[in-house]
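Trainee: I should like to go through this model with you, beginning with the ligand site and then turning to individual residues.

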Amino acid sequence: MPRGRIGATALAGLLGQWQGEGPAYENLAERIQLLLIDGRLSADVRLPSERELSERLTLSRTTITAAYRRLREHGYALSVQGSGTTTKLPPTAPDSFTEGGEIDLVRATLPATRRLPEAAVEATRRLADHMTGPGYTLWGIEELRAEIAARYTARGLPTDPDQIMVTTGGQSAIALLARTVISRGDRAYAESPSYPNAYDALSLAGARIITSPVTTDAGWDMPAMAAAIARTTPVMAYVMPDFHNPTSRSMSTEDRLRLLHAAAKVDTLVVADDTTAELNIDRPHTYPPLAAMAGEHQARVVHIGSASKMLWGGLRVGWIRADPVLLTQIASGRSATDLGTPIWEQLVTTILFQHLPEILEERAAQLAAGRAALYHAMREHLPDWELPPRIDGGLSAWVGLPAPVSSQLTLAARPHGLLVTAGPRFGVDGAYERHLRLAITPRPDLVRRGVEILAEVWPRAASTPALALTTSEAVV
Ligand SMILES: Cc1ncc(COP(=O)(O)O)c(C=O)c1O
């Protein structure tokens, strides 16, 4: 029995702009495969009937039949008499190198800090003081809010614990803010490329997303960003000034000031995502948090952060630093989706925060090792690919491909046990077929092997026709 179903309209929304060169049925099947690989479409979900989808996409029934057949042939769907066509994720052929596992260059996450076990024991001891309560908090425990506030203060932004709300991870912080600030049809600004789950949270809140580009060599196109903000007066601008995901670029002081100026002119709320901000490998400059540079507009700059990349994703602890009035608004709507953050995880985070400088050194060393492995392996095996001129922090490399075939490459790599995310996942309109994001977080031997697999499958991917070439990519 399928776990659920997706309607034709919802599927059409996920498909976005999928048509490209080559037969429509192949493009459609490949797009659905990609949605399954990058998790936007779940396995075990019943697809719309062929008739419904053909009407919704205004395509012939034969095209849909052929696309579904292609999905079945490739192991991405199953047809059961009477139950229609259901999605499936085929098993990857395990690579002997990883002893049966997959090489995951998708998830840009580090393993838990080595300090975690000790902090967990100490948190369990401290739990006794909290056991008479419900075990979770809407705003966060006082000691953690104080630690987070102290960290912002130390980085150059004096902060009071009242300006901090602890959330269930950084993603929940983005979603809570988006839901509070955005009304259906409002515009929201985000960089392009950007963190895909942020795009999704903004869209889910009803925003129409406006973008301007960030590239690994030139960084932010500030005239384009300022013009987009001035022209569309977005209610919110979601940005990553430090170690931007996926490019790993950081904004210069001048660019930060230009962004703040453009936003202040039209009273756009700036949301700076600090999730990766402290993952400095060897960037020579340090910058204060963005709000510290906003002068009289400081209350219009919100920071969000997360313990996930610095400490461990399993803690599911994040936060929002904002004006207490905005936080109160967020708190009053929060219970509809999330009653609060568990106390034990907050205690662990509080304890680990006390060792943050040492933990950040541990992280810098891990990221430097992943970066070195990637650069060496790419120069050896894929010399035509464009590496970012410099990655001095963050979790990933935004790599340029010699041909717009990122989706095909992602599909070709999977049967070899290598998971990568195609470039288009990082754009709003299906652009970035010429890019691939590779995480530098796995063990160096796995990063190296991942690149070798990419080199093995590249000739085949490069010789297949391009999928979904959008105008923005076509003209670059
Ligand atoms: C830029 C950025 N923001 C937010 C998040 C979400 O963080 P969390 O795991 O704390 O929900 C991520 C996770 O990948 C991220 O890369």
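Trainee: Which pocket does the space taken by the ligand form?

Mentor: A pocket here is an open set of points on a 1 Å grid over the protein atoms alone, where a 1.4 Å probe fits, with protein on both sides within 12 Å along at least five of seven lines. A molecule sits in a pocket if more than half of its atoms lie within 2 Å of the grid points. The space that the ligand takes is the largest pocket.

Trainee: On what basis should these values be read?

Mentor: The model is predicted, with local features needing pLDDT of at least 70 and side-chain atom pairs counting only at pLDDT 80 or more, whereas totals for chains, interfaces and linings use all residues. Residues are numbered from 1 along each chain as its sequence is written, and side-chain values use heavy atoms, with hydrogens and water left out.

Trainee: How many residues surround the ligand?

Mentor: A residue is near the ligand if one of its heavy atoms lies within 4 Å of it. The closest residues are G170, D273, S306, S308 and K309. In total, the residues surrounding the ligand number 14.

Trainee: How do the residues of the shell divide into nonpolar, polar and charged?

Mentor: Ala, Val, Leu, Ile, Met, Phe, Trp, Tyr, Cys and Pro count as nonpolar, Asp, Glu, Lys and Arg as charged, and the others, Gly among them, as polar. By that division the shell holds four nonpolar, three charged and seven polar residues.

Trainee: Which helix gives the largest share of the shell around the ligand?

Mentor: Helices (H or I, at least four residues) and strands (E, at least two) are DSSP runs, numbered from the N terminus. The largest share of the shell, three residues, comes from the helix at residues 170–181, namely α7.

Trainee: What share of the accessible area of the ligand does the protein cover?

Mentor: A ligand oxygen lies 2.6 Å from a polar backbone atom of G170, and a ligand nitrogen lies 2.6 Å from a polar side-chain atom of D273. An oxygen of the ligand is also 3.0 Å from an N or O atom in the side chain of N245. Of the 390 Å² of accessible area that the ligand has on its own (Shrake-Rupley method, 1.4 Å probe), the protein covers 91%.

Trainee: Which peptide bond is cis, with omega near 15°?

Mentor: P246 is found in the loop between β11 (236–239) and α10 (253–265). The cis bond with omega near 15° runs from N245 to P246.

Trainee: Is S407 buried or exposed?

Mentor: S407 lies in helix α14 (residues 406–413). Its side chain makes a polar contact (a pair of N or O atoms within 3.5 Å, one able to donate a hydrogen and the other to accept it) with the side chain of E433, at 2.4 Å. Buried means under 20% relative accessible area, exposed over 50%, and partly exposed in between (1.4 Å probe, protein chains only). Because its relative accessibility is 0%, S407 counts as buried.

Trainee: What is the relative accessible area of T233?

Mentor: T233 lies in the loop between α9 (222–232) and β11. Its phi is positive, about 40°, although T233 is not a glycine. T233 is partly exposed, with a relative accessible area of 42%.

Trainee: Where is R316 placed?

Mentor: R316 is not a glycine, yet its phi is positive, about 50°. R316 counts as partly exposed because its relative accessibility is 38%. Its place is in the loop between β13 (301–306) and β14 (318–321).

Key:
1 Å grid on protein atoms, 1.4 Å probe; cavity = no way out; pocket = protein on both sides within 12 Å on 5 of 7 lines; lining within 4 Å.
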